[in-house]
Amino acid sequence: MDRKLFCCFCRAPKPPNDEVVSWRQSLKKLLECKTGQLAFREFLKTEYSEENILFWLVCEEYKTITSNTEMAEAAKRIYTEFVQVDAPRQINIDCETRQEITNSMSQPTLSCFDKAQRVIYKLMKKDSYPRFLKSEIYQALLEPSDAS
C-alpha cells in the first residue's frame with residue numbers, strides 16, 4: 001500500500017483533493033469535515049494549542065444535549081477540563097468570560113459556553129488557521145496520491 005493514499009496522521013483514506021482545497025475557503029469549511037478536524041488538530045498539537053479545537057468540538061456536542069441531568073454533568077466536565085484556572089487543558093479566555101461561566105455552573109444552560117466558544121473560534125481563525133494553511137500537514141494533504 002502506498003502511504004500517500006492515506007492521511008499522514010490518522011491512517012484514514014486520504015480525502016479527495018478538491019475537499020482538501022476547499023478547506024482554504026474558511027475555518028468553518030475546514031471544521032465541517034471530520035478529516036479537516038483531524039488535520040487541524042494534528043497541526044494544533046505542534047503549536048501546543050490542541051485544547052482550542054477540543055474545546056470547540058466539545059461545545060458543539062454540548063449544544064445537542066437534551067437532558068438537564070446530562071447537561072449539568074457535561075458542563076462540569078467541560079468546566080473542569082478546559083475553563084477553570086489551572087485546568088488540564090485550560091483555554092485562553094479573558095477573566096470576565098471565565099467568571100461568567102463559573103457563575104453559571106450552579107445551573108448551566110445550553111448557551112453557557114457560547115461566549116468562550118466564540119472567543120476560541122476567533123483565536124483559531126485569526127492565528128492558527130492561516131498558519132495551518134501554510135503547514136507541512138496541510139501541504140502534504142494537497143499532494144496528489146500515487147493512485148491518481
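## Briefing: an eight-helix chain

At 74% relative accessibility, Y48 counts as exposed, because the cut-off for that label is over 50%. Keep in mind that this is a predicted model. The protein chain has eight helices and zero strands, and 41% of its 148 residues count as buried. Below you'll find the fold, two loop residues, some contacts, the salt bridges and the pocket.

**Overall fold**

- Reading along the sequence, you get the pattern α-α-α-α-α-α-α-α.
- Take the contacts in the protein chain with a separation of 6 or more: 60% of them come from residues 24 or more positions apart.

**Two loop residues with positive phi**

- Some background first: most residues other than glycine have a negative phi.
- Y48, the residue we opened with, sits in the loop between α3 and α4.
- Its phi is near 55°, which is a positive value in a residue other than glycine.
- D86 belongs to the loop between α5 and α6, and its phi is near 70°, again a positive value in a non-glycine residue.
- D86 has 68% relative accessibility, so it counts as exposed.

**Contacts between parts far apart in sequence**

- F43 is part of helix α3, which covers residues 34–46.
- With 6% relative accessibility, F43 falls under the 20% cut-off and therefore counts as buried.
- Setting aside residues up to four places away in sequence, F43 touches S128, R131, F132, S135 and I137.
- One of those partners, F132, is 89 residues from F43 in sequence, yet the two C-alpha atoms are 6.5 Å apart in space.
- L133 is found in helix α7, and, leaving out neighbours within four places in sequence, L133 is in contact with W23, R24, Y138 and Q139.
- For L133 and R24, the separation along the chain is 109 residues, while their C-alpha atoms are 6.9 Å apart.

**A side chain that reaches the backbone**

- S22 is in helix α1, which covers residues 17–22.
- The S22 side chain reaches the backbone oxygen of E19 at 2.6 Å.
- S22 counts as buried because its relative accessibility is 12%.

**Salt bridges**

- How many salt bridges does the structure hold? There are eight, and the ones below are among them.
- K28 and E32 pair up through their side chains, with an N to O distance of 2.8 Å; K28 is exposed, and so is E32.
- R41 and E50 also meet side chain to side chain, at 2.5 Å from N to O.
- Are R41 and E50 buried or partly exposed? R41 counts as partly exposed, at 29% relative accessibility, whereas E50 counts as buried, at 15%.
- E96 forms a salt bridge with K115, and the closest N and O atoms are 3.5 Å apart.
- E96 lies in helix α6 (residues 95–104) and K115 in helix α7 (residues 114–134), so this pair ties together parts that are 19 residues apart in sequence.
- E96 counts as exposed, with 51% relative accessibility, while K115 is partly exposed, with a relative accessible area of 29%.
- There's a network here too: salt bridges link E96, E100 and K115.

**The largest pocket**

- The largest pocket has a volume of about 170 Å³.
- Which elements give two or more residues to its lining? They are α4 (50–62) and α5 (68–83).
- Helix α5 gives the most to the lining, with five residues.
- If you want to pick out the lining in the structure, look for V58, E61, Y62, I65, E70, E73, A74, R77 and I78.
- Sorted by class, the lining has five nonpolar, no polar and four charged residues.
- Tyr counts as nonpolar in this sorting, so Y62 goes with the nonpolar residues of the lining.

Methods
Residues are numbered from 1 along each chain as its sequence is written. This is a predicted model: local features need pLDDT of at least 70, side-chain atom pairs count only at pLDDT 80 or more; totals for chains, interfaces and linings use all residues. Side-chain values use heavy atoms; hydrogens and water are left out. On a 1 Å grid over the protein atoms alone, a cavity is a set of points where a 1.4 Å probe fits but cannot get out, and a pocket is an open set with protein on both sides within 12 Å along at least five of seven lines; lining residues have an atom within 4 Å of a point. Grid points are joined across faces, edges and corners, and a volume is the space filled by probe spheres set on the points. Helices (H or I, at least four residues) and strands (E, at least two) are DSSP runs, numbered from the N terminus. Buried means under 20% relative accessible area, exposed over 50%, partly exposed in between (1.4 Å probe, protein chains only). Contact means heavy atoms within 4.5 Å. A polar contact is a pair of N or O atoms within 3.5 Å; within protein, one must be able to donate a hydrogen and the other to accept it, and residues adjacent in sequence count only if both atoms are side-chain atoms. A salt bridge is a side-chain nitrogen of Lys or Arg within 4 Å of a carboxyl oxygen of Asp or Glu.
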